[in-house]
2 protein chains.
Amino acid sequence: MSEPGIRARNRAAIMAAITDSANRQLLEAGPSELSVRAVARELGMASSAIYRYVSSRDELLTLLIVGAFNDMAQSVEARAERMKGARKRWQVIGLASRDWAIEQPQRFALIYGSPVPGYAAPQDTIGPATRIPALLIGILQEAHVQADVSAFDARVARSLRPALANLDQWADLRTREFNDAAFALGVMAWTHIIGSISFELFGHRHNVVGDSQSDRRTYFEFELNVLADLLGIGQGV
Amino acid sequence: MSEPGIRARNRAAIMAAITDSANRQLLEAGPSELSVRAVARELGMASSAIYRYVSSRDELLTLLIVGAFNDMAQSVEARAERMKGARKRWQVIGLASRDWAIEQPQRFALIYGSPVPGYAAPQDTIGPATRIPALLIGILQEAHVQADVSAFDARVARSLRPALANLDQWADLRTREFNDAAFALGVMAWTHIIGSISFELFGHRHNVVGDSQSDRRTYFEFELNVLADLLGIGQGV
DNA sequence: AACTATATGCGAGCAGTGCTCTTGCTTTCT
DNA sequence: AGAAAGCAAGAGCACTGCTCGCATATAGTT
């Protein structure tokens, strides 16, 4: 009964084989080139048989999206958790995110590029998508960050609180060690990390930052430092 | 001789009709859905006839990309040039960019989302793509911005100078009113504007910033203020 | 004015796509 | 053992980008 059963096991295996094959295609082709028939060919089955496991191409893409979010988050978490000190951890989060993206640019484009079809972000993605940001918030709390922005900016940041109200998932933000402006700056920081990686990967830095890997990395580290200062994550902590 | 001639005029008109039709499709469908055959249908000609004007679907997309860059730049320039004061102009550049993107999200995705095919950014795009950044650099010079970053960051920024060497197009950056770090921060600011718009448009802000237009705009303005302070564009100037 | 080269249009056709439906077979549950 | 559910395959539909051969209209040349 609770035994997996031959069929259930086969199903799981084939499911994995499908996403594996699709991910392999993504390594060199880009989301719009992903072909259900090509997956079927690689698995040696009829194209129609795929639809027993995945109801449409878009659903397959959603599976890959969730997988990519989780894979990236896991990769970043693994490197971040053995770092001591808020600033160091902040930098590792940024660098690890960038490294993952450079290794698998198509998967990065899949999750942070333009949404593929008509698209309505499926509910399944928001969980995996927030893993790294959650890590970031943790760092800001750990560092007891209190953002000192102008009075005007603070007012603006506070006005965003209603929107953030349903966010108990972000740990308890109501502690005094973490004000609204700090949260707003944290969102900015994460936005910038992804934005910068996108610029680099999508070719918007040609003739602006050097084309060599070392130039690009240097500039990215520069950005991480500026952001860390902006966030108020001290050197020593 | 120098007369346009019937054929040349026809050709230009049809060319314009093609890009117009394609752009119309982009308003509601997204780059990967763009269909040469659909364009042909709308123009009432055979699908094969399109290839007399455009050698491939990718070339058509490139035309649209150049057009989108120029359209966005023109829209932003128009609103920016009648503003006085560096900070005000900076904010208008940001807001106008965002407005354009919200009006035509698919065209924004076309130029700042994931690159479409195998892709190698054609040379024709880099000119139009740098119009708004050039505007930004102008503002920084106008405001006599001298970035005061940490010694470390300044060193990093300076190490990027070789990469920026071939950039005489960016007006004269060698003036004392504009140091390397200021340029690096300017690139950061532009990166952030596009990154933030992308996050908003591509749905990465759900459950983070309010879903209402006013919440989103408020947050964007918050970001612009923080960046202006970071750039050292004073309130009064 | 006649001729030739070039530019343009059309239709058929190829190879590929996502997806559906029918038909047969195998595993599972009762 | 028999019924029900799951699975695989093939044919087929409507669509795509793109090429080729064949007509026709325009342009420049003799």
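This short talk describes how two protein chains meet two DNA strands, and then turns to one arginine of chain B. Please keep in mind throughout that the model is predicted.

Let me begin with DNA strand D. The strand is surrounded by 22 residues. The closest come from both chains: A:Arg52 and A:Tyr53 on one side of the list, and B:Val36, B:Arg37 and B:Arg57 on the other. By class, the residues of this surface comprise 8 nonpolar, 5 polar and 9 charged. What share of the strand D atoms within 4 Å of the protein belongs to sugar or phosphate? The figure is 45%, and the rest belong to bases.

Several individual approaches to strand D can be named, and I take those from chain A. An N or O atom in the side chain of A:Arg11 lies 3.2 Å from a phosphate oxygen. At A:Ala46, a polar backbone atom is 3.0 Å from a phosphate oxygen of the strand. The side chain of A:Arg37, by contrast, has an N or O atom 3.5 Å from a base oxygen. As for the elements behind this surface, two or more residues each are given by α1 (6–29) of chain A and by α1 (6–29), α2 (36–43) and α3 (47–50) of chain B.

I now move to DNA strand C. Here, too, 22 residues surround the strand, and the closest are A:Arg37 from chain A with B:Arg11, B:Ser48, B:Arg52 and B:Tyr53 from chain B. The surface divides into 8 nonpolar, 6 polar and 8 charged residues. Sugar or phosphate accounts for 43% of the strand C atoms within 4 Å of the protein, with bases making up the rest.

Which atoms of strand C do the side chains of chain B approach? For B:Ser48, a side-chain N or O atom is 2.7 Å from a base oxygen, and for B:Arg37 the corresponding distance to a base oxygen is 3.4 Å. B:Tyr53 instead places a side-chain N or O atom 2.4 Å from a phosphate oxygen. The elements supplying at least two residues each are α1, α2 (36–43) and α3 (47–50) of chain A, together with α1 of chain B.

Finally, I turn to B:Arg107, which sits in helix α6 (residues 105–112) of chain B. Is this arginine buried or exposed? It is buried, because its relative accessible area is 9%, under the 20% cut-off. Leaving aside residues up to four places away in sequence, B:Arg107 touches B:Asn23, B:Leu26, B:Gly67, B:Ala68, B:Asp71 and B:Trp100.

Key
Residues are numbered from 1 along each chain as its sequence is written. Chains are lettered from A and ligands numbered from 1 in the order in which they are written. This is a predicted model: local features need pLDDT of at least 70, side-chain atom pairs count only at pLDDT 80 or more; totals for chains, interfaces and linings use all residues. Side-chain values use heavy atoms; hydrogens and water are left out. A residue is near a molecule or strand if one of its heavy atoms lies within 4 Å of it. A polar contact is a pair of N or O atoms within 3.5 Å; within protein, one must be able to donate a hydrogen and the other to accept it, and residues adjacent in sequence count only if both atoms are side-chain atoms. Helices (H or I, at least four residues) and strands (E, at least two) are DSSP runs, numbered from the N terminus. Ala, Val, Leu, Ile, Met, Phe, Trp, Tyr, Cys and Pro count as nonpolar, Asp, Glu, Lys and Arg as charged, and the others, Gly among them, as polar. Buried means under 20% relative accessible area, exposed over 50%, partly exposed in between (1.4 Å probe, protein chains only). Contact means heavy atoms within 4.5 Å.
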